[in-house]
Amino acid sequence: MTMTPSACHILLLVSSLSFIAAQPLYNVCGTTGNFTANSTYQTNLHRVLSYLSDKASTSGFATTTFGQIPDLVIGLALCRGDVKTTECRACLNTATKDAQQICSFNRAAIVWYDFCFLRFSNVQFLGSTSNDPEILLGNTAYVSNPQRFDRLLNLLLNATLDTAARSDERFATGVVSKFTEENPTVYGLVQCLPSLSASQCRQCVRGLYDPLPSFLQGRQGGRVLGVTCTMRYEIYSFFEGAPKVTLTVPLENATPPPAPPPPAVPSP
C-alpha cells in the first residue's frame, strides 16, 4: 500500500518519550483514493472498525476484511502485549475515531498509540512482512558513554527478542540492571504481529536495532514504530507488570575482584 509521507523512515525528536496513552504517537494517511459520505465503502469501513475494536480488545489482535472490490476494506488492530483489556478497548475506541478524523474520507490509514495500533486499507496488506513505513522517535537527551550504552542495549534487545519470538503473543519486555553508573537500569520492549512466524519476528525486530539506527545511537530513549514489528527502550520503566527478561551486567567502572594469593611454596 502506498502511504504518505513517502520516506520509509520518519525521524522525530521528543524531549520525553512518555506519552499520554490516548494521544497518537504518529499517523500516516494513504494515497489509494478517497470515499464519500454515506457510500458503500464508508459503511464497510464502519463495520470493519467496529469488529476490530470489539475483537482485538479481548484477544489483543484481530484482522478482518469486508466487502467486494472496489469497496473492499481490510483492517488490522493490535494492542500492546502488557496492557489490560480495558486499556486496550479504550485505545482502540479512540483509534477508530481518530483515524477517520485525521485521515478524513481516506481509504487507507495507519495510526499508532502507546497502547495500540490500527490500520485499514482498500489494498491487501495482510500476510505481508514489510515493516514500512518505519517511524523513529528519539529522546533529545544523550548518554555520556554511547559506545557502552549501545552495546549493552543490543544485549538487552537480543534477549528480549528471543523471548518474544518464542511466545505465542510475539511480545516481551526486559530490563538490564547495573547498566552503567549514569543509567543503572534500562528497560526494553519488542512486539511483532502474532501472525508472524518466530523467524519472521526475529528478522523484523533485529532489523530495527542491529545495527542501531544512527539517529538513535547514544540517546537515552528511543523507539521504532512499524506495521509488523516495533521496539522501544528507555532509562525508566514504561511497561506494565514484571519484565519477562531480567539481566545484570557489571558496572563499567566496577572494581575487579582481588586476584587469588599465589600458591604457597613448600619449604625445602
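So, E234 and R232: both of them are buried. They also pair up, with E234 forming a salt bridge to R232 and the closest N and O atoms 2.9 Å apart. One caution before I go on: this is a predicted model, so please hear everything today in that light.

Now, those two aren't on their own. Which other residues are linked with them in a network of salt bridges? R80, D82, D114 and R223 join R232 and E234 there. As a reminder, side chains of opposite charge can pair when their charged atoms come close. The structure holds nine salt bridges in total.

Let me walk you through D114, since two of the pairs I want to show involve this residue. One partner is R80, and the salt bridge between their side chains is 3.6 Å, N to O. D114 sits in the loop between β6, residues 109-112, and β7, residues 116-121, while R80 sits in the loop between β5 and α2, so this pair ties together parts that are 34 residues apart in sequence. The other partner is R223, where the side chains meet at 3.2 Å, again N to O. That link joins distant parts of the chain too: R223 is in strand β11, residues 222-225, and is 109 residues away from D114 in its loop between β6 and β7.

Buried or exposed, what is D114? It's buried, because its relative accessible area is 11% and the cut-off is under 20%. R80 comes out at 7%, so R80 counts as buried as well. R223 is at 4% relative accessibility, so put R223 in the buried group too.

Next, the empty space. There is one cavity of 30 Å³ or more, and the largest cavity has a volume of about 260 Å³. Look at what's closest to its centre: of the 24 lining residues, those are R80, Y113, D114, Q191 and T230. You've already met R80 and D114 as a salt-bridge pair. Several strands supply at least two residues each to this lining, namely β5, β7, β10 (185-192), β11 and β12. Which one gives the largest share? That's β12, with four residues. As for the chemistry, the cavity lining splits into 16 nonpolar, four polar and four charged residues.

There's a pocket to look at as well. The largest pocket comes to about 220 Å³. It has 19 lining residues, and S59, G60, R80, G81 and E169 lie nearest its centre. So there's R80 again, in the pocket list and in the cavity list. The elements giving two or more residues to the pocket lining are α1 (40-59), β5 (73-79) and α2 (85-102). Of these, α1 contributes the most, four residues. The pocket lining divides into eight nonpolar, seven polar and four charged residues.

On to the greasy parts. The largest nonpolar core has 46 residues, and the ones touching the most other members are W112, L153, V205 and M231. Helix α3, residues 146-165, provides the largest share of that core, seven residues. A second, separate core has 26 residues, and Y41, A77, C88 and C116 are among them.

What does M231 touch, if you ignore neighbours within four places in sequence? The list is L157, L189, V190, L208, Y209, L212, L216, G222, R223 and V224. Notice R223 in there, the partner of D114 from earlier.

One more residue to click on: V227. It lies in the loop between β11 and β12, which covers 229-234. V227 has a relative accessible area of 3%, so it is buried even though it's in a loop. Leaving out residues up to four places away in sequence, V227 touches I110, W112, F117, R119, S130, N131, D132, P133 and L193. If you want a distance to check, the C-alpha atoms of V227 and F125 are separated by 9.9 Å, and those two are 102 residues apart along the chain.

Last, zooming out. The chain has four helices and 13 strands. Of its 268 residues, 49% are buried. And if you take the contacts with a separation of 6 or more, 74% of them are between residues 24 or more positions apart.

Methods. Residues numbered from 1 in each chain as written. Predicted model: local features only at pLDDT ≥ 70, side-chain atom pairs only at ≥ 80, totals over all residues. Heavy atoms only, no water. 1 Å grid on protein atoms, 1.4 Å probe; cavity = no way out; pocket = protein on both sides within 12 Å on 5 of 7 lines; lining within 4 Å. Points joined across faces, edges and corners; volume = space filled by probe spheres on them. Nonpolar A, V, L, I, M, F, W, Y, C, P; charged D, E, K, R; others polar. Salt bridge = Lys/Arg side-chain N within 4 Å of Asp/Glu carboxyl O. Buried < 20%, exposed > 50% of the residue type's maximum accessible area, 1.4 Å probe, protein only. Core = buried A, V, L, I, M, F, W, Y, C linked by side-chain atoms within 4.5 Å. Contact = heavy atoms within 4.5 Å.
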